[in-house]
Structures are given as structure tokens and as C-alpha cells.
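Reader: I'm new to this, so please zoom in on one part for me: the links between side chains. Take your time and tell me how everything around them fits in.

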Amino acid sequence: MRSRGRFAVAVTFTTAATLVATAVQAEAVAETSGGHTVAQYEMNEGPGARTMVDSSGHGLDGAVGSEVQTGVGVQGETAYRFTRLDPDTPPTHPRHLATVPSQRDLNPGDRDFALTVRLRTQYHFGNVVQKGQATVDGGNYKLQIPSGIAQCLFRGDHGTLIVSSRSRLNDGRWHVVRCERSQTGLALIVDGRTEARKSGWTGYIANDWPLSVGGKTACDQVDVGCDYYAGDIDYVKLESR
């Protein structure tokens with residue numbers, strides 16, 4: 001069952017376990033509630049779709065590359081599927097991506113900003129969603145999954161913060177992964193539970209690069225790997241406040 005912001009936890013073992021689960025649930029609700037939806041991609045389009053529809057009403061639609069499989073039914077969901085490509089092996093596959101043209105609202109600026117993705121993979125590498133790359137002017141942010149571990153990165157004019165999940169997510173199950181950048185730090189939440197947090201302020205982030213789903217847009221698979229994601233994505237949501 002999908003959850004867009006609140007996560008229910010059912011515990012029937014002991015009073016202590018119930019108290020712990022309640023605390024985790026309250027923390028997740030506190031961190032994920034509120035805010036303004038910048039863009040929401042349900043990824044429910046049928047087979048052969050070439051437009052990634054923004055259901056937020058803001059019209060930030062994206063283009064779906066011809067190598068991305070749409071309308072894929074998996075474990076009761078409709079998703080986009082990104083097939084496995086050999087890492088750092090030419091040629092490049094720009095049609096492996098879904099991209100959204102750069103818009104001001106897709107940049108965090110100096111706002112609190114959150115990126116949420118529901119994904120499923122059995123592989124151990126790839127950039128899931130990103131805007132900008134490591135050396136571009138204006139900073140960048142991304143969600144990636146090196147060695148099967150979810151990792152959030154935000155780079156701004158005050159510095160870079162990275163947080164990583166404690167567990168590997170490449171188990172073939174659906175997981176909701178959320179990156180939250182705020183004035184006080186960066187948090188990584190997996191399936192409603194905060195797995196990592198780092199204090200600090202990344203500063204202003206704004207670049208003119210597209211939002212990319214499934215890998216990098218500027219790469220050659222020789223000097224710069226494209227970090228193509230392999231797996232399924234059920235939805236992508238961006239929020240600010």
C-alpha cells in the first residue's frame with residue numbers, strides 16, 4: 001500500500017516495543033508532514049509513454065527516454081523500469097533517462113527541500129534522481145544507491161552533506177526513500193524510519209540543469225560514469241517549505 005507522507009507501524013509484542021514504534025512513527029510524521037508539493041510523478045503512464053506527467057498541477061512534465069519501460073506491472077504497482085547497463089562501459093545511453101527541463105522551483109534555493117522516491121531494485125549501483133552533477137555551478141542534489149545503500153547528497157554554496165542508510169535496499173522489495181534538507185541538516189528516512197541524520201547547512205542550491213531520473217545527463221562512460229540506475233520506480237515527489 002502506498003504512503004505519501006505518514007507511515008503506520010503495527011507492533012503487538014510488548015509494551016516497550018509499542019512505545020519504541022510509536023516514537024518512530026511520531027518522528028516520521030513530524031519530518032514528513034506539511035510543506036508545498038513542487039512536483040509529483042506518479043509514473044502510472046501506460047506502455048510506450050514518452051511523457052512523465054506531473055500530477056501536482058504545476059505542469060512540470062518530463063520526457064521519458066525510449067529505453068525506459070513504462071506501464072510495468074510489478075507487485076501490484078504500475079512503475080517505470082530501468083534495465084541494467086554495464087557501469088563505466090561505452091556507449092552512453094541518454095534514452096535510459098527520464099528528464100524534466102530546469103525550472104526554478106526544482107532548485108532548493110535556501111528553502112527546506114525534500115525528495116521522496118518509491119523504488120525497488122536487486123542491483124547495487126546507480127543514481128536514482130538528481131539535479132546537477134558534482135562540479136556544476138550552483139550546487140546539486142541527488143539520491144543514489146551505491147552498493148545497495150541509499151544515499152542522499154546536497155551540495156550548496158556553504159558545503160556538502162551526505163547521509164547513508166544503515167541497511168541495504170537492493171532486496172527486490174519496494175522501499176520509500178526520503179531525503180530532507182533543512183536549515184539544520186540533512187536526514188534520510190527509509191520506510192518511515194529515520195536511518196541517518198547529519199547537522200549542518202549546505203547553503204543556496206540553484207543550477208540550470210534538468211532533473212534527471214535514472215542516471216546522469218552529462219557523461220561519457222569513460223572519464224565520467226553515467227551511473228545508470230537499474231530497477232523499478234513507482235513515484236517521485238519533490239516538496240519545499
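Author: One term before we dive in: a residue is called buried when its relative accessible area is under 20%, exposed when that area is over 50%, and partly exposed in between. Keep in mind too that what you're looking at is a predicted model.

Let's start with the disulfides. There are two of them in the structure. If you count the bonded cysteines along the chain, they pair up as 1-2, 3-4. Take the pair Cys219 and Cys226, whose sulfur atoms sit 2.0 Å apart. Using the term we just met, Cys219 and Cys226 are each buried. The torsion about their S-S bond is about 95°, and so this disulfide is right-handed.

Now look at Cys152 and Cys179, the other bonded pair, with 2.1 Å between the sulfur atoms. Here the link is left-handed, with -80° about the S-S bond. What does it connect? Distant parts of the chain: Cys152 belongs to strand 10 (residues 149–156) and Cys179 to strand 12 (residues 175–182), 27 residues apart. As for access, both Cys152 and Cys179 are buried.

Strand 10 is a handy place to step back and look at the sheet. It is one of eight strands in an open sheet, ordered 2-3-6-15-8-9-10-11 and paired in the antiparallel sense. Which strands lie at the edges? Strand 2 (51–52) and strand 11 (159–168) do, each pairing on one side only. On the strand 2 side, the partner is strand 3 (residues 62–64), and the two run antiparallel, joined over two bridges. You can even pick out a bridge by its residues: Met52 has Gly62 of strand 3 as its partner.

Back to side chains, and this time to charged ones. The model has 10 salt bridges. Try Asp227 and Lys216, where the closest N and O atoms are 3.1 Å apart. Both residues lie in the loop between strand 15 (211–213) and strand 16, so this pair ties together parts that are 11 residues apart in sequence. How open are the two ends? Asp227 is partly exposed because its relative accessible area is 29%, whereas Lys216, at 16%, counts as buried.

Follow the chain into strand 16 and you meet Asp234, which forms a salt bridge with Arg118, their closest N and O atoms being 3.0 Å apart. Arg118 is in strand 7 and Asp234 in strand 16, 116 residues apart, which makes this a link between distant parts of the chain. Arg118 and Asp234 are both buried.

Just past strand 16 (231–240), there's Arg241. Its salt-bridge partner is Asp112, with 4.0 Å between the closest N and O atoms. Asp112 sits in the loop between strand 6 and strand 7, while Arg241 is in the segment after strand 16, so again distant parts of the chain are linked, 129 residues apart. With a relative accessibility of 53%, Arg241 counts as exposed. Salt bridges can also join up: Arg178, Glu180, Lys237 and Glu239 are linked in a network of them.

While you're in that loop between strand 6 (98–100) and strand 7 (113–120), find Leu106, which lies there too. It has a relative accessibility of 0%, so Leu106 counts as buried. What surrounds Leu106? Beyond its neighbours within four places in sequence, it is in contact with Val38, Ala39, Leu60, Val100, Pro101, Phe113, Lys131, Tyr141 and Leu211. Val38 is a nice one to check on screen: 68 residues lie along the chain from Leu106 to Val38, yet their C-alpha atoms are separated by 7.0 Å.

One more stop, at Glu42, found in the loop between strand 1 (36–41) and strand 2. Its side chain makes a polar contact of 2.6 Å with the side chain of Gln40. Is Glu42 buried or exposed? Its relative accessibility is 18%, and since buried means under 20%, Glu42 counts as buried.

Technical notes
Residues numbered from 1 in each chain as written. Predicted model: local features only at pLDDT ≥ 70, side-chain atom pairs only at ≥ 80, totals over all residues. Heavy atoms only, no water. Pairing = 2+ DSSP bridges. Helix = DSSP H or I, 4+ residues; strand = E, 2+ residues; numbered from the N terminus. Buried < 20%, exposed > 50% of the residue type's maximum accessible area, 1.4 Å probe, protein only. Contact = heavy atoms within 4.5 Å. Disulfide = S-S within 2.5 Å. Polar contact = N/O pair within 3.5 Å; in protein donor to acceptor, adjacent residues only side chain to side chain.
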